[in-house]
Amino acid sequence: MDASKLLGVFALVGVLVVPASAAAAAPITVSVLSTRADLVSGGDALVRIGGIKATKNLRVTVRGKNRTKAFAKRPDGTITGLITRLKLGKNAIVATVGRRAAKLVVTNHPKGGPVFSGPQLQPWKCQETAKDAQCNQPANFTYLYKSTDGSSGFKDYDPKNPPSDVADTKTDRGVTVPFIVRVESGYIDRDQYKIATLFRPGKKWSATRPQNQFNHKLLITHGAGCGADHEPADPPSVTDSSQLGSGTSAAEAGLGLGFAVMSNALDNAGHNCNVASEA
C-alpha cells in the first residue's frame, strides 16, 4: 500500500473514533455553590451541574449512592440540587449523562469545626443550651417587621397573629413585598451566627427555590476591637448596624433591598481576635 492510501486509512479511522456530535458536546461540570468544595461543613452542600440544559438521562451519585432526585432545572435555567447527609471527610460526587461524566470530591467538616484554622482554642465554655461539647444546638427562627407608623428599627412579628401595620418594601429587583424579616440563629464552629432575610410567612421556600424577593446578594456585618472570651457570644446585629445618613442602619437598608444579612460572633474581633478562625 502506498503512503497516500495509508494516510487516507488513518484519516478515516480518526473520523470514526470521534463522531462530530460527541466532539461538539460540552463537558459536564460539578461545582459547589454554597462554599469551596474542600470547606463544606454541617453535612450539606448546594451543588450545580453544568454543561447540560435538562435533567434527562442525568444521574448523580454521592459516595456511590443515587442522589439524582435532588436535582432539577431551576427558574434561572441552572441544574442545581441540595446534597444532604454528607459523611465527614471526602465525598465523591459523580454526574453522568450518557458517555459524558464529571467528578468532584467534596470535603465535609464537622459543624462544630475546625475547618482549616487548626486546633481550636481551649478552654472553651459552651452556652448552657448546647447539646454537645462543640456547642451545637438546633437553629431557631424569629420574625421582625417594619411598621407603617414611621418608627425606626423593627418590631416583633408573630406569624400566628400578624399585625395590621406592616409596611411594604421594594427590592433592588423591583419586587414589592411586606417588610417582614426572618432571623435564623444557630451555632457553627462553637459560636453563634445569625442570618436575616425578607420573608413571606406561609409561602414556600427552599435552598434551591428561594422566595422571589431574595436578590441573591449577601451583606455581612462585623465587629471591631481585639479580645478573646473563650466562650460563645452574640454576633454583630443583622438588623441594626452602622447608621446611614438617613438614620436607617446599613443592615436595615440591605434587608429592604432584598439582601440576606448575616454575621458570626467569630467575625467580631472584639470577641475573638484571631484572623485565622475569623476566616
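**Exercise 1. Classify E252 by its solvent exposure and describe the contact its side chain makes.**

Solution. In this predicted model, E252 has a relative accessibility of 9% and therefore counts as buried, since the cut-off for a buried residue is under 20%. The next step is to identify the partner: E252 forms a salt bridge with K146, and the closest N and O atoms are 2.8 Å apart. The location of each residue then shows what the contact links. E252 belongs to helix α3 (residues 250-256), whereas K146 sits in the loop between β10 (140-145) and β11 (155-156), so the pair ties together parts that are 106 residues apart in sequence. Finally, the partner is classified: K146 has a relative accessible area of 12% and is buried.

**Exercise 2. State how many salt bridges the structure holds, and examine the pairs D38 with R36 and D149 with K155.**

Solution. The count comes first: the structure holds four salt bridges.

- For D38 and R36, the closest N and O atoms of the salt bridge are 2.8 Å apart. D38, at 33% relative accessibility, is partly exposed, while R36, at 52%, counts as exposed. The assignment of R36 rests on the cut-off of over 50% for exposed residues.
- For D149 and K155, the side chains meet in a salt bridge with an N to O distance of 2.7 Å. D149 is partly exposed at 46% relative accessibility, and K155 is likewise partly exposed, with a relative accessible area of 31%.

**Exercise 3. Determine which residues form the positive surface patch, and place K65 and R63 in the fold.**

Solution. The patch consists of R63, K65, R85 and K87. Two of its members can be followed further.

- K65 is located in strand β5 (residues 65-66). Its relative accessibility is 57%, so K65 counts as exposed.
- R63 is located in the loop between β4 and β5. With a relative accessible area of 47%, R63 is partly exposed. Membership of a patch requires over 30% relative accessible area and no salt bridge, and the value of 47% for R63 satisfies the area requirement.

**Exercise 4. Identify what is notable in the backbone of R63 and N57, and give the surroundings of N57.**

Solution. The general expectation is needed first: most residues other than glycine have a negative phi. R63 has a phi near 55°, a positive value in a residue other than glycine. N57 also has a positive phi, near 70°, and is not glycine. The position of N57 is the loop between β3 (45-50) and β4 (58-62). At 60% relative accessibility, N57 counts as exposed.

**Exercise 5. Describe the peptide bonds from G113 to P114 and from Q122 to P123, and locate both prolines.**

Solution. Again a general expectation sets the scene: most peptide bonds are trans. The bond from G113 to P114 is cis, with omega near -5°. Between Q122 and P123 there is also a cis peptide bond, for which omega is about -5°. To locate the prolines, P114 is assigned to the loop between β9 (100-109) and β10. P123 is likewise found in the loop between β9 and β10. Both cis bonds thus involve a proline of that loop.

Definitions and conventions. Residues are numbered from 1 along each chain as its sequence is written. This is a predicted model: local features need pLDDT of at least 70, side-chain atom pairs count only at pLDDT 80 or more; totals for chains, interfaces and linings use all residues. Side-chain values use heavy atoms; hydrogens and water are left out. Patches are made of residues with over 30% relative accessible area and no salt bridge: like charges are joined within 9 Å, nonpolar side chains (Val, Leu, Ile, Met, Phe, Trp, Tyr) within 5 Å. Accessible areas come from the Shrake-Rupley method with a 1.4 Å probe; for residues, only the protein chains shown count as cover. Lys and Arg count as positive and Asp and Glu as negative; His and the chain ends are not counted. The place of a charge is taken as NZ of Lys, CZ of Arg, CG of Asp or CD of Glu. Helices (H or I, at least four residues) and strands (E, at least two) are DSSP runs, numbered from the N terminus. Buried means under 20% relative accessible area, exposed over 50%, partly exposed in between (1.4 Å probe, protein chains only).
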